[in-house]
Amino acid sequence: MFDDRSPIYRQIAERIKADVLSGALEADEQVMSTNQYAAFYRINPATAAKAFQQLVDEKVLYKKRGIGMFVSTEAREMLRVQGRETFFGEVVDPMVAEAKAIGIPLTDVIRRIELLENGDI
Amino acid sequence: MRVDVTGLTVRYGDVTAVDDMSFSLESDKIYGLLGRNGSGKTSLMSVLAGYRKPSGGTVLVGGEPVFENRRATAGISLVRHVADAADKSDKISEALTYAAWWRDSWDARYADELLELFKLSRDEKIGALSLGQRSAFGVTIGLASRAPLTMLDESHLGMDTPTRYKFYDALLQDFMRNPRTFILSTHLIEELAALLEEVVIIDGGKLVLHEETDSLRSRGIEVTGVADDVDGFVAGLTVLSEKTLGRTKSAMVYGSLDDEQLAAARRAGLELGPIALQDLFVHLTEPVGETR
């Protein structure tokens, strides 16, 4: 289920962040427990707990003692801001490099973006 | 159950199976004990279970010496692969009764659940079980013992893949319901890796390392790029292995890289990738000079 390479807790944390960004997990919604995550992904519960701890440290989740973990109110906006900071470096630049390598003119890439923007494709 | 091994040595005549080994395990974690055949895993676990007297050093389980100590061994369960300790003419039901005598923590109802999970009949004779069924029987004994220190020595090796997954799920579920210390030895490292909180790697009777699984995993880095660039980059680093394909070279490096090294790799156009735990294990336990 995991690519068994990058630490599993980081992969779980990324997945929860993706769910927060997409809206699959809403603000103040409770996330599954460490044990539920562990059983679902067939991983050690300490690993799942580590992912949750990382998300608490990053203020994506907050803890209600004795109840569980919840998505913080500002999590989505925070992740959107962070995503915007890295978007060009991590998404656009490699795309432009790939387009150049295989010989797609950037004007074609721009046209495609405009079509998507106008809802034509 | 906490385990403290200090200067442990196990000798059989002239052969030293465990050589001055020291490590400590905390309560309520799942540990992987990894080593090649003949590395001393089984000798080590036999001593931890109190089956064998150490030739030197000490082994404390829950703070107590285990050899000939009924109070300590009542809290320890060791299942060797394919449950070879059971009498072949016994029925499963009889073998379970004996297992229950041994320890107060035995859960008969859970044993029945596991028999059902693994589709084993109580009336079956141990000697008539297939390899896979014997493995399932061994695992049943190990899990239902609910022993504060439970050791499974390759006990799931004979299971087919769907049965192994059932075992992993049962182990995890029961560990979460009833936390205890597990030591699992296996050759199927990648399959089990996600279940292990920490790993202990031994080789030639000596401790190679004891580390959190996740941090060990992040210690291995595969560096790939043009051969000369790779050579320049890995000079001075611990290289576990290298291979070349035309002008491309790939080197497995052990240790973490600092920001400066990461930046240097990026400038040189080198690709950095992680290494699977199993590959790290292979290289960390490889006799010197075997590969190069």
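Me: Two strands pair if DSSP finds at least two bridges between them. In this predicted model, what makes β1(B) and strand β2 (residues 15–25) of chain B a pair?

Reply: Seven bridges join β1(B) and β2(B), in the antiparallel sense. The definition asks for at least two bridges, so the two strands are called paired. Within this pairing, Val3(B) stands opposite Leu25(B) in β2(B). The two strands also form a hairpin with two residues between them, and Gly13(B) in the turn has a positive phi of about 60 degrees.

Me: Which other strand is joined to strand β1 (residues 3–12) of chain B, and how do you know that they pair?

Reply: Strand β4 (residues 56–61) of chain B runs antiparallel to β1(B), and five bridges join them. Since at least two bridges are required, β1(B) and β4(B) count as a pair. Thr9(B) stands opposite Gly56(B) in β4(B).

Me: What hairpin is found in chain A?

Reply: The strands are β1(A) and β2(A), with three residues between them. In the turn, Gly66(A) has a positive phi of about 80 degrees. Strand β1 (residues 61–64) of chain A and strand β2 (residues 68–71) of chain A run antiparallel and are joined by four bridges. The requirement is at least two bridges, and therefore these strands are paired. Phe70(A) in β2(A) is the bridge partner of Tyr62(A).

Me: Why are β6 (76–80) and β10 (206–212) of chain B called edge strands?

Reply: Each of them pairs on one side only. They belong to an open sheet of six strands in chain B, in the order β6-β7-β8-β3-β9-β10, with mixed pairing. On average, neighbouring strands of this sheet are turned by 15 degrees against each other, direction ignored. At the β10(B) edge, strand β9 (residues 198–203) of chain B pairs with β10(B) in the antiparallel sense over six bridges. Asp203(B) stands opposite Lys206(B) in β10(B).

Me: Which helix lies across β6 and β7 (149–153) of chain B, and at what angle does it run to β6(B)?

Reply: Helix α5 (residues 131–144) of chain B lies across these two strands, running at about 170 degrees to β6(B). Angles run from 0 to 180 degrees between N-to-C directions, so the helix and β6(B) point in nearly opposite directions.

Me: Is Val79(B) buried or exposed, and how do you know?

Reply: Val79(B) has 28 other C-beta atoms within 10 Å. The cut-off for a buried residue is 20 or more, so Val79(B) is called buried. Its place is in strand β6 of chain B. Not counting residues up to four places away in sequence, Val79(B) touches Gly138(B), Val139(B), Ile141(B), Gly142(B), Leu152(B), Asp153(B) and Ser155(B). The C-alpha atoms of Val79(B) and Ala136(B) are separated by 11 Å, and these residues lie 57 residues apart along the chain. In chain B as a whole, 41% of the 292 residues count as buried.

Me: What makes up the contact between the two domains of chain B?

Reply: Chain B is divided into domain 1 (3–211) and domain 2 (218–284). Six residues from domain 1 of chain B and five residues from domain 2 of chain B take part in the contact. On the domain 1 side, helix α7 (residues 189–193) of chain B gives the largest share, three residues. By class, that side has five nonpolar residues, no polar residues and one charged residue. The C-alpha centres of the two domains lie 36 Å apart.

Me: How many residues of chain B are in contact with chain A, and which elements supply them?

Reply: There are 17 residues of chain B in contact with 16 residues of chain A. Of the elements of chain B, α6 (161–177), α7 and α8 (213–217) each supply at least two residues of this side. The largest share, five residues, comes from α6(B). The side of chain B that touches chain A divides into 10 nonpolar, two polar and five charged residues.

Me: What confidence does the predictor give to chain B and to the complex?

Reply: Chain B averages a pLDDT of 91, and 96% of the residues score at least 70. For the complex, the predictor gives an ipTM of 0.82 and a pTM of 0.87. Where pLDDT is low, the predicted coordinates should not be read in detail.

Technical notes: Residues numbered from 1 in each chain as written. Chains lettered and ligands numbered in written order. Predicted model: local features only at pLDDT ≥ 70, side-chain atom pairs only at ≥ 80, totals over all residues. Domains from an automatic or database assignment. Contact = placed C-beta atoms within 7 Å. Nonpolar A, V, L, I, M, F, W, Y, C, P; charged D, E, K, R; others polar. pLDDT = per-residue confidence, 0-100. Buried ≥ 20, exposed ≤ 12 C-beta atoms within 10 Å, placed from the backbone.
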